[in-house]
Amino acid sequence: MTEKMEKEASGSNGSGTGNENEDSNLSPEDLSEMMAAGTKEVHEKAENTQFVKDFLRGRIRKELFKLGAVALYHTYTAMEEEIERNKDHPQFAPLYFPAELHRHEALARDLEYFYGPDWKSKISCSQATQHYVDRIHQVGQEDPVLLVAHAYTRYMGDLSGGQVLRKVAQRALKLPPTGEGLEFYQFDAIHNAKAFKQLYRSRMNELELDMATKKKLVAEAVRAFHFNMEVFEELEEIGKTIQEDVQDAGMAVHGEMGGDISKCPYYAAKMASGGTAYFGQLVMAALRHPTGQVLFATWFAALAGLAAWYLM
């Protein structure tokens with residue numbers, strides 16, 4: 001988000017998330033630079049949604065946070081399926097870091113914590129999330145180079161904002177200090193987030209891509225932001241039905257969090273598909289799971305994470 005917030009975030013956890021693109025060797029035609037410039041406008045729109053503003057104030061709905069974890073699970077499962085399918089593709093292979101980055105198993109453990117051992121029978125993919133999932137599968141099967149845009153926006157955002165989001169959710173939702181329910185934010189195989197992000201961007205900039213392909217990747221990253229904003233809109237609608245469950249975390253908005261909230265990783269929402277039944281199932285789910293305010297945090301984590309890579 002703002003430069004001031006980035007400065008406040010630097011130094012926390014030994015892996016500051018300030019402007020890491022300050023490299024004299026970078027060119028405006030490098031893919032990472034093109035992605036940053038090309039998504040700036042949509043990033044600003046995303047961070048100014050009411051959903052994001054509420055989260056920054058520490059107002060988190062537990063049921064929404066849970067639903068967010070569900071949406072993230074579906075999103076990452078789809079993306080990592082396509083990454084595995086294309087791990088040897090010459091225009092993606094240099095970015096293949098499954099041990100360091102893959103998130104779907106961590107999200108599965110989070111969902112087991114929130115929903116119990118039979119969690120798979122209790123979740124479903126929302127309409128907005130399904131749109132995103134369908135697009136990921138489409139590009140993975142038809143135009144694999146576009147996976148670069150989805151992987152970069154997701155993983156780099158997660159690494160930038162994960163620790164901040166983790167602290168916000170843990171405190172606001174009174175989750176265990178041992179990390180249960182928040183494994184999505186833990187990258188145990190990455191010991192220096194800043195160095196890893198620099199490596200990732202360097203690998204990305206070294207891909208042999210012509211200018212037309214780079215422009216396609218920028219457009220795909222913008223599209224990813226829009227998918228996430230659609231999810232935010234869904235969550236806002238769900239939140240209107242469970243206002244009585246809102247809790248004010250009473251947290252400082254920026255500086256006291258020890259990180260840059262603008263770089264949170266992004267969202268997810270579990271919602272049944274289809275018209276009236278769709279909303280009815282969501283409302284019932286929210287009412288059945290009072291601890292579920294976890295979604296706003298997670299999906300915000302996800303989109304804010306999408307937003308985050310632009311700042312790096």
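Start by selecting K174: with a relative accessible area of 69%, this residue is exposed, because the cut-off for that label is over 50%. K174 sits in the loop between helix 9 and helix 10. Check its backbone while you're there: phi is near 55°, a positive value in a residue that isn't glycine. Keep in mind that you're looking at a predicted model.

**Zoom out and colour by confidence**

Show the whole protein next. Its secondary structure comes to 13 helices and two strands. The average pLDDT is 76, and 68% of the residues score at least 70. Among the elements, helix 6 (residues 98-101) has the highest mean pLDDT, 98, while helix 1 (residues 3-9) has the lowest, 33. Now select residues 1-22, where the pLDDT is below 50; this stretch still has 50 contacts in the model beyond near neighbours in sequence. Do likewise for residues 307-312: pLDDT is below 50 there too, with 38 contacts beyond near neighbours in sequence. Where pLDDT is low, the predicted coordinates shouldn't be read in detail.

**Switch on the surface**

The protein exposes about 12600 Å², and carbon and sulfur atoms supply 47% of that. Of the 312 residues, 59% count as buried. If you draw a contact map with a separation of 6 or more, residues 24 or more positions apart account for 88% of the contacts.

**Helix 5, then the loop after it**

Select residues 62-85, which make up helix 5. From its first C-alpha to its last, this 24-residue helix reaches 35 Å, close to the 34 Å expected at 1.5 Å a residue. Helix 5 is mostly covered, with 21 of its 24 residues buried.

Move on to P90, in the loop between helix 5 and helix 6. Is P90 buried or exposed? Its relative accessibility is 66%, so P90 counts as exposed. Put a distance label between the C-alpha atoms of P90 and E208: they are 8.7 Å apart, although 118 residues separate the two along the chain.

**Helix 8, side by side**

Now pick residues 127-142, helix 8. At 1.5 Å a residue, its 16 residues should span 22 Å, and the end C-alpha atoms are indeed 22 Å apart. Which residues of helix 8 are buried? Select A128, T129, Y132, V133, R135, I136, V139 and G140. Look down the axis: these residues cover an arc of only 160°, which means they lie on the same side of helix 8. Turn to the other side and you'll find Q141 and E142, both exposed.

**Into the core**

Last stop: the largest nonpolar core, which has 67 residues. In soluble globular proteins, nonpolar side chains tend to be buried together. Show L101, Y155 and Y200 as sticks, as they touch the most other members of this core. Several helices each supply at least two residues to this core, including helix 2 (31-38), helix 7 (104-115), helix 10 (193-205) and helix 11 (211-241). Helices 5 and 8 from your earlier stops are also on that list. Which helix gives the most to this core? Select helix 9 (147-172); helix 9 gives the most, with 13 residues.

Finish by centring on Y200. Leaving out residues up to four places away in sequence, Y200 touches L95, F97, L101, A151, Y152, Y155 and M156. Two of those names, L101 and Y155, you've just put up as sticks.

Notes: Residues numbered from 1 in each chain as written. Predicted model: local features only at pLDDT ≥ 70, side-chain atom pairs only at ≥ 80, totals over all residues. Heavy atoms only, no water. pLDDT = per-residue confidence, 0-100. Helix = DSSP H or I, 4+ residues; strand = E, 2+ residues; numbered from the N terminus. Contact = heavy atoms within 4.5 Å. Expected span 1.5 Å × (residues − 1). Buried < 20%, exposed > 50% of the residue type's maximum accessible area, 1.4 Å probe, protein only. Arc of directions from axis to C-beta. Core = buried A, V, L, I, M, F, W, Y, C linked by side-chain atoms within 4.5 Å. Areas by Shrake-Rupley, 256 points an atom, 1.4 Å probe, with all protein chains shown as cover.
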